[in-house]
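I opened the notebook to record what I looked up in this structure. The entries follow the order in which I looked.

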Amino acid sequence: MIEDRLPPSLLAALAAHGNSRAFRAQTILLNEGDSGGSLYIVLEGRLRAYASSPEGRDVVLSEHGPGEYVGELSLDGTPRSASVKTLEATTCCVVQAAQLPAFLAQHPEFALHLTQKLTRMVRRLTEQVKSLALQDVYGRMVRLLMELSDPVGEERVVREKLTQQDIADRVGSSREMVNRVMKELTTGGYVAVRDGRHVILRKLPAAR
């Protein structure tokens, strides 16, 4: 999210307290349940935070690009609450928790940024829980497509190239169910795929 990006001056100041590290695509940086106290600031590339079930099924919690950071929830010494992996070749600045008290003393604006980010995270996750509890798969897919798309003329274009498995992971469903719903939307003339991106051609039905 744009709001979660660190301002350039604050990013540079915080990065000076850490070490730059490069990671290959699909590298797991953090494992849910592990101990740790490092903050990962994305300099280049993209990260995905997700939770896994005992059966190995993943649910996407969030994605993070340049200027954003992950790992803040374990800075109090508690275990990692989610896993994080790279989606592409990514460079991060890794800041150890021990470096943060001095940084906060010098840059109290970071505490404000962190508080605002955590507030947005709680609201976003609350909406996800409500969606999982109160909406069916179709309703969750509609919500996702609307959230990730921008208006272009009379259409809406999804900003990311999403596979059906990507959508399934984000809405907490199976790829087969997503395929079924997407086929209905495509056949009905509501959604098309252009250059790998989903395009909403007209207003999606409120319910199937």
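**Entry 1: aromatic rings**

I looked up Phe-103 and found that this residue is buried, and so is Phe-110. I keep in mind that the model is a predicted one. Buried here means under 20% relative accessible area.

Next I asked how many aromatic pairs there are by the ring rule. The count comes to three. One of them joins Phe-23 and Tyr-40, with 6.5 Å centre to centre and 50° between the planes, and I noted this pair as tilted. I then looked up where the two residues lie: Phe-23 is in strand β1 (residues 19–23) and Tyr-40 is in strand β3 (residues 38–44), so the pair ties together parts that are 17 residues apart in sequence.

Are these two residues buried or exposed? Phe-23 has 11% relative accessibility and so counts as buried. Tyr-40 has a relative accessible area of 9% and is buried.

I went back to Phe-103 and Phe-110, which form an edge-to-face aromatic pair, with 5.7 Å centre to centre and 75° between the planes. I also found that ring pairs link Tyr-69, Phe-103 and Phe-110 into a cluster.

**Entry 2: charges over rings**

I looked for charged ends over ring faces. The charged end of Lys-117 sits over the ring of Tyr-69, at 3.9 Å from the ring's centre. Tyr-69 is thus noted twice, as it also belongs to the ring cluster. Lys-85 lies over the face of Tyr-50, 5.5 Å from the ring centre.

**Entry 3: the sheet**

I reminded myself that strands of a sheet pair through backbone hydrogen bonds, either parallel or antiparallel. In which order do the four strands of the open sheet stand? I read the order as β1-β8-β3-β6, with antiparallel pairing. β1 and β6 are at the edges and have a single partner strand each, so one side of each is left without a neighbour in the sheet.

I checked one pairing in this sheet: β3 and β6 pair in the antiparallel sense over two bridges. In that pairing I found Tyr-40 opposite Val-70 in β6. I had already noted Tyr-40 as the ring partner of Phe-23.

**Entry 4: the hairpin**

I looked up strand β4 (residues 47–52), which pairs with β5 in the antiparallel sense over six bridges. Leu-47 stands opposite His-64 in β5. The hairpin of β4 and β5 has five residues between the strands, and Gly-56 takes a positive phi near 90° there.

**Entry 5: helix α5**

How many of the eight residues of helix α5 (residues 164–171) are buried? I found six, so the helix is largely enclosed by the rest of the structure. I wrote down the buried ones: Asp-166, Ile-167, Ala-168, Asp-169, Arg-170 and Val-171. Gly-172 follows α5, and its phi is positive, near 70°.

**Entry 6: a pocket**

Last, I looked up the second largest pocket, which has a volume of about 340 Å³. Its lining has 18 residues, and those nearest the centre of the pocket are Ala-49, Leu-73, Ser-81, Ala-82 and Met-121. I sorted the lining residues by kind: 10 are nonpolar, five are polar and three are charged.

Which elements each supply at least two residues of this lining? I listed β5 (58–64), β6 (69–70) and α3 (108–134). Of these, β5 is the partner of β4 from the hairpin entry, and β6 is an edge strand of the open sheet.

Note on methods:
Residues are numbered from 1 along each chain as its sequence is written. This is a predicted model: local features need pLDDT of at least 70, side-chain atom pairs count only at pLDDT 80 or more; totals for chains, interfaces and linings use all residues. Side-chain values use heavy atoms; hydrogens and water are left out. On a 1 Å grid over the protein atoms alone, a cavity is a set of points where a 1.4 Å probe fits but cannot get out, and a pocket is an open set with protein on both sides within 12 Å along at least five of seven lines; lining residues have an atom within 4 Å of a point. Grid points are joined across faces, edges and corners, and a volume is the space filled by probe spheres set on the points. Ala, Val, Leu, Ile, Met, Phe, Trp, Tyr, Cys and Pro count as nonpolar, Asp, Glu, Lys and Arg as charged, and the others, Gly among them, as polar. Two strands pair if DSSP finds at least two bridges between them. Rings of Phe, Tyr and Trp (its six-membered ring) pair if their centres lie within 6.5 Å; planes under 30 degrees apart count as stacked, over 60 as edge-to-face and the rest as tilted. Buried means under 20% relative accessible area, exposed over 50%, partly exposed in between (1.4 Å probe, protein chains only). A charge sits over a ring if NZ of Lys or CZ of Arg is within 6 Å of the ring centre and within 35 degrees of the ring normal.
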